[in-house]
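Q: Please take a close look at a single part of this protein, and follow what surrounds that part outward into the rest of the fold. I am a first-year student, so please explain each term when it comes up.

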Amino acid sequence: MAAQRRVLGFIAISFSLVLGAVIGSLATSHWIKAKQFYYLNNLSRSELKVKNGRINDHTVSSTHLSTSQPRSSLIVSSEKHQDRNISNNHVGVPFQSKFPRNSDCGHTCCVPLSLKLEKEVLSSQRHNPSKTNRPLHRISYIKTHKTGSSTLGSIMYRYGARNELILYKSPTHGLRLNYKNPKTTPADIVVYHYSGIPTGLRSIDAWKRAFEWYNGVVPEGTFITIIREPISHYLSYYFFYDEPKAGSLPLEDFVEQGNNANILMRDFGVRTHSEMQEFMEKYAGAFKTILLSNRMQESLVIMARDLGWSLWDLTYTKLLDSSIADFRRWDGKPVKRTPHSSELDRDLHDKIEALTKLDKIFYDYAERELEKKIKTYGQGFSEAVRALDSLVFSLNAFCSCNDLGKDESSFCRWYSMSDMKYEGSISASGHAPVKSLSFLPS
């Protein structure tokens, strides 16, 4: 009996030790997950400053962000990630991704910011249109100059690629209005400028021909364009196109001579007051959405509502950012920093204002239309704008990492293509390549 008691005692002690080890392991595991949850949920905008591929203030170790953690808590539908629900089985268990990260996605920046981006995508989906609203796919996009139009064009390009739409293929950077490529006509989306330089358009007749061309190439297409606050636009156009030229005039002299009057409306062939009146009466109402680049996120949220697109469809990385040091335009010439209109002296400001009166008419119209749509959108508008802003910020932060893997780098390059590059990637049949990552909507 004594021997039996000793054996039973030994078994009890061993069981206690094993049980304690298991409990300790589980506690440690949950502590690690809880700490991962803390990091992911406290990476605010001010803390997600990426410099040289590292996250300042919150450098998360690979231990805290191990991709070997269980991922069963994320439930995903089969329809391109459109309906995702996060379900935590235990209180305090953090957000977990069902999708493993590539082994070459670094744990210093790539992994944590990919998780942050995935969370933002999931969060934004409550703002997506109802599935009963069929999205509009045929887009006559009128690309303007120095308005953020290359960025908007890249959004159109990626939407066409992801949805296997026909993108019109032009043999030139500017469309030829006397030519319709038979291989890509009819098309679903056009992403090119219809005019190489707006100063070359001598009258509204050029716009009339373009309007007919778009209606022929994109039957029943939805007209979309983007414009910019007129004084800001005038300055941007001058510093990008005119100032870099050899022997260019200083801004003050350039303005004094009356150059580039109503340069925004010249993209529509408008030069005179009578042409402006005709444009407003016959064509302004043809645009379903007119985006304002100085109110980009608000405009994009309205465009999403107008077209029935998701917020993810509208994400972008900034292109042609002339605010960065040593920025150069397409021909390699340096572009000086564009001053803000508030930096101009009053006399120069007033002179530019006088040169852009026709531009202001169309801009004011577009801003009124935007305000009407915001009011109609309802209380969820501000929240949708914040959601899109967080998506775009998280995407740009992720693509700033210097420890991205091969697939992640390819995805970010796809997002950051210039207009000439994404135009060039359209195949002869009008299709474009798609880059995607497993944890993001395709």
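A: The buried residues of helix α12 pack against three other helices, α2 (110–124), α3 (149–162) and α11 (381–399), where a contact is counted when heavy atoms lie within 4.5 Å. The model is a predicted one, in which local features need pLDDT of at least 70 and side-chain atom pairs count only at pLDDT 80 or more, while totals for chains, interfaces and linings use all residues. Residues are numbered from 1 along each chain as its sequence is written, and side-chain values use heavy atoms, with hydrogens and water left out.

Helix α12 covers residues 406–415, and its buried residues are E408, S410, F411, C412, W414 and Y415. Here, buried means under 20% relative accessible area, exposed means over 50%, and partly exposed lies in between, with a 1.4 Å probe and protein chains only. Helices (H or I, at least four residues) and strands (E, at least two) are DSSP runs, numbered from the N terminus.

One of these buried residues, C412, has a relative accessibility of 7% and is joined by a disulfide to C399, with the two sulfur atoms 2.1 Å apart; a pair of cysteine sulfur atoms within 2.5 Å counts as a disulfide. The torsion about this S-S bond is -80°, and the link is left-handed. Because C399 lies in helix α11 and C412 in helix α12, the pair ties together parts that are 13 residues apart in sequence.

The loop between α11 and α12 holds a further cysteine, C401, which is bonded to C109 in the loop between β4 (84–86) and α2, so this pair links distant parts of the chain, 292 residues apart. The sulfur atoms of C109 and C401 are 2.0 Å apart, and the torsion about their bond is about -65°, so this disulfide is left-handed. Both ends are buried, C109 at 0% relative accessibility and C401 with a relative accessible area of 7%.

The structure holds three disulfides, and the remaining one is formed by C105 and C110, whose sulfur atoms are 1.9 Å apart. Both of these cysteines are buried, and their S-S torsion of about -105° makes the disulfide left-handed. With bonded cysteines counted along the chain, the pattern is 1-3, 2-5, 4-6.

Moving outward, helix α11, one of the neighbours of α12, also has a place in the interior. A nonpolar core is a set of buried Ala, Val, Leu, Ile, Met, Phe, Trp, Tyr and Cys residues joined through side-chain atoms within 4.5 Å. The largest such core has 97 residues, of which L152, M156, W207, F279, L300, M303 and F362 touch the most other members. Helix α11 supplies the largest share of this core, 10 residues. Apart from this core lies another of 18 residues, among them F239, Y241, V335 and L355. In soluble globular proteins, nonpolar side chains tend to be buried together.

Helix α3, another neighbour of α12, leads into a loop that runs to β6 (189–190) and contains N181. N181 is buried, with a relative accessible area of 9%, and its side chain reaches the backbone oxygen of K169 at 2.9 Å. The same loop between α3 and β6 is the place of T184, a buried residue with a relative accessible area of 1%. Not counting residues up to four places away in sequence, T184 touches I166, L167, Y168, K169, A428, S429 and G430.

For the wider setting, the protein has 13 helices and eight strands, and 50% of its 442 residues count as buried. Among contacts between residues at least 6 apart in sequence, 76% join residues at least 24 apart.

Note on methods:
A polar contact is a pair of N or O atoms within 3.5 Å; within protein, one must be able to donate a hydrogen and the other to accept it, and residues adjacent in sequence count only if both atoms are side-chain atoms.
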